[in-house]
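Colleague: I am new to this one. Could you show it to me and explain how its labels are earned?

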Amino acid sequence: MIGGAGMLLSAGPAQAADISYKTECIPPAISGLPPVEGTTQVQLTAPAEAKVGDTVEVVWKTVKGASDNPDVLDLEKDTVKPTGIIKLGGAATGDLKMEGPRENPAIPRKSPMIMSDMKGSLKLEKAGDLTLTPDAYNLNVSKPISTDTKCSPKETVKPGATIKVTDGGGGTDGGTDAGGTTAGGTTAGGTADGGTDAGGTDAGGTTTAGGTTAGGTTAGGTDAGGSTGGSGGATDFPGKEVVVNYTCQSPGPSNGIATKVTINAKKSGGSYALTVKTAKGVMDSPADLPAGALKPSMQIVVGGADKGSVKATGPANPEPLKLNKPVSLTDMTGTYKPGASGKSTLTPGNLTIDVTLGPSKINIPCTVKGAVKASLELDTTAQEGGASGGDTAGSGGAAAAGGGTASGGLAATGAEDNGSLRALGLVAGTAILLGGAVFTFTPWRRLRSGR
């Protein structure tokens, strides 16, 4: 049943039938928009009759989207590409992958969504009635960044067309041929950015590193204390690996981030150069992002004898990131200048992910959820202008860490470019229009109201 084999035939008169079904559409994570349910109306065109051995063409036309393009962004010409799946039944089983060209007129705000017709072809292998049922579909919008919205049926869908296949001496195992080979199920998975963002991959792959990296001695208070303040002159102080759970504001991962974090220190004079490492694959990329687009930073909480915080900042991603592929944050660095003498602890704090796409900037704040253990304890000696007494991101940590624009201990929240975030959010969620009501809000408003 693989499409594309042989000459396309239009055996028998063509039939066109409309079918409607309830649909749930999942927007990409970067949009910050929730799933939406609505009704999809599709017209399938296929020959009414054909013979075994014929290759026939099927056309999927989306008759009507359930809502218009919201009053946020004009979509450019030729930026929308649809793909979908037709379920085969009766004389064959399996999936027929459908695809349409990236061809659409400019779609102004408050105008009906328009998408190209999708086509697919299949070779008929078995006599009998072959039913064609529209199923899941996907809408990709290419600008300003590539984003996908995945839609799937929320009810049993009736066949949209039936081909009467007569015996023409063809093979008898068409059903199995059609099985998984044409499967296009990935075009519309309904769980695009669900529980895998921070679950298994975060903690899973790093488990083996736990014992060997941190060990029992790297985190012990006496270990850090003696080696830091002793006369031996030790300069390197590895921290222990601790688990941190984060709750992120939209458009961050909806299920948050769970990762293991290690804070290492290297003494230089009276201060400490800090390096913060997180687990690999802490989240899935919300979109196709170029190199240099995503940058992490973290507030390290200073406790024990000393009080305050230190900002650690990491460089941007060195390689391009692919949609829904695991993202590993770069190592973050900062400088801790003690403000008190005694045993001071360093604990992972709030995380911030900044995404920059040209003039557009998105700030995703992630807040620590639950208790977190200290990763490192140091035997510190107070330095003039050190961290003791509170918010030291400006005096001790942030400036040295490269966060020169930070004015306080906590990272700024909210986007620097209201219009750009609105545009990104809309484009990322545009395909929702195929299956739900008109959106009268934007991710920016949701970000502001959620603070």
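**How the labels are earned**

Modeller: Let's start with lysine 154, which is partly exposed, with a relative accessible area of 44%. A word on the source: this is a predicted model, where local features need pLDDT of at least 70, side-chain atom pairs count only at pLDDT 80 or more, and totals for chains, interfaces and linings use all residues. Residues are numbered from 1 along each chain as its sequence is written, and side-chain values use heavy atoms, with hydrogens and water left out.

Colleague: Why is lysine 154 called partly exposed?

Modeller: Buried means under 20% relative accessible area and exposed means over 50%, with partly exposed in between (1.4 Å probe, protein chains only). Lysine 154 has 44%, so it is partly exposed.

Colleague: What makes lysine 154 and glutamate 24 a salt bridge?

Modeller: A salt bridge needs a side-chain nitrogen of Lys or Arg within 4 Å of a carboxyl oxygen of Asp or Glu. Here the N to O distance is 3.9 Å, so the pair qualifies. Lysine 154 sits in the loop between β10 (147-153) and β11 (161-166), while glutamate 24 belongs to strand β2 (residues 14-26), 130 residues apart. Strands (E, at least two residues) and helices (H or I, at least four) are DSSP runs, numbered from the N terminus.

Colleague: Is glutamate 24 buried or exposed?

Modeller: Buried: its relative accessibility is 18%, and the label asks for under 20%.

Colleague: How do you know that aspartate 78 and lysine 77 form a salt bridge?

Modeller: Their side chains meet at 2.8 Å, N to O, so they satisfy the within 4 Å rule. Lysine 77, at 57%, is exposed, whereas aspartate 78, at 30%, is partly exposed.

Colleague: And how many salt bridges does this rule give?

Modeller: The count comes to seven. Another of them joins lysine 61 and aspartate 117, at 3.9 Å, N to O.

Colleague: What makes the link between threonine 40 and tyrosine 137 a polar contact?

Modeller: The term asks for a pair of N or O atoms within 3.5 Å; within protein, one must be able to donate a hydrogen and the other to accept it, and residues adjacent in sequence count only if both atoms are side-chain atoms. These two side chains are joined at 2.6 Å, so the distance fits. Threonine 40 lies in strand β3 (residues 36-47).

Colleague: Why is threonine 40 called buried?

Modeller: Its relative accessibility is 2%, which is under 20%, so buried is the right word.
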